[in-house]
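Thank you all for coming; I would like to walk through one protein model with you, slowly enough that those who are new to structures can follow along. Please have a look at it first, and then we will go through it together.

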Amino acid sequence: MTAYPEAAWRQKEPYGAEDKVRRLNHMYGHYGYYFDPTYILVLIGAALCMAASSSLNSTYSKYAKVRCMSGMTGAEAAARILNYSGIHDVRIEHINGRLTDHYDPGNKVLRLSDSVYQSNSVAAIGVAAHECGHAVQHQKGYAPLKIRSALVPAANIGSKLGIPMILLGVLLGLSSTLVQIGIWVFSLSVLFQVVTLPVEFNASSRALTMLQDCGITGGQETGYCQKVLRAAALTYVAAAASSILQLLRLALLFGNRRQDD
């Protein structure tokens with residue numbers, strides 16, 4: 001345990017400069033003399049995200065080389081699926097980037113990336129169908145999608161302000177107020193990640209069914225699409241797990257700190 005000047009412990013001012021340093025050193029260690037075991041949780045989360053991302057890139061690259069027998073591009077497949085589903089008010093647009101595909105429920109726009117829009121690979125078809133799955137969810141009022149959409153503003157605040165609020169609370173010595181508020185704010189972004197999971201899995205399930213019903217893929221090709229979408233889903237699982245581990249770390253750090261205070 002790091003020794004501190006005796007005067008620092010006897011200060012009449014509760015949050016003097018020395019006390020702030022002591023608090024930060026207690027949490028994060030002092031120039032390497034103290035190892036924070038909870039940091040392992042961050043490393044585990046980072047490893048999960050890296051592994052999932054690597055798996056997605058590898059799987060997508062593999063099946064991006066396999067041409068779909070129907071010869072349809074991602075944009076054409078999306079148009080057929082939307083028409084089959086009775087959705088005629090959703091635009092299909094081209095967006096720059098790789099795997100930046102998404103469905104915008106607010107503007108009813110399905111945006112497909114460079115690697116999907118004009119490609120006729122099974123990987124591109126699978127991704128396009130997945131985004132159509134979100135459009136169908138929106139049309140049918142799928143409850144988890146509604147919840148996720150409602151959480152977007154709060155999740156943005158949580159991801160941007162949660163950690164800064166916690167650090168500011170530590171520096172100001174307001175452990176019982178601002179730090180706790182920061183943790184709760186950060187938990188909103190974690191909740192968003194968790195709610196995202198059923199939304200993404202359901203969209204993939206709908207995609208595979210619609211690809212077959214529309215005659216775009218069949219048999220082995222549908223299986224290839226499933227592998228691509230499964231790899232994509234794992235990135236959301238990894239992101240949620242990483243966020244949960246980070247929240248757990250914060251709870252352990254500041255739970256112990258409240259006891260010591």
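If we follow the chain from the N terminus, the elements come in the order α-α-α-α-β-β-β-α-α-α-α-α, and the secondary structure amounts to 9 helices and 3 strands. Please keep in mind that what you see is a predicted model, with an average pLDDT of 84 across the protein and a score of at least 70 for 82% of the residues.

Where, then, does pLDDT stay under 50? One such stretch is residues 1–22, for which the model has 15 contacts beyond four places in sequence, and another is residues 27–33, where 13 contacts of that kind are found.

Turning to the protein overall, 43% of its 261 residues count as buried, while the area that the protein exposes is about 13800 Å², of which carbon and sulfur atoms supply 60%. If we take the contacts between residues at least 6 apart in sequence, 71% of them join residues that are at least 24 apart.

Let me finish with a single residue, S85, which sits in the loop between α4, residues 74–84, and β1, residues 91–94. Is S85 buried or exposed? Its relative accessibility is 19%, and because buried means under 20%, S85 counts as buried. Leaving aside residues up to four places away in sequence, S85 touches V136, Q139 and M210.

Terms used
Residues numbered from 1 in each chain as written. Predicted model: local features only at pLDDT ≥ 70, side-chain atom pairs only at ≥ 80, totals over all residues. Heavy atoms only, no water. pLDDT = per-residue confidence, 0-100. Contact = heavy atoms within 4.5 Å. Helix = DSSP H or I, 4+ residues; strand = E, 2+ residues; numbered from the N terminus. Buried < 20%, exposed > 50% of the residue type's maximum accessible area, 1.4 Å probe, protein only. Areas by Shrake-Rupley, 256 points an atom, 1.4 Å probe, with all protein chains shown as cover.
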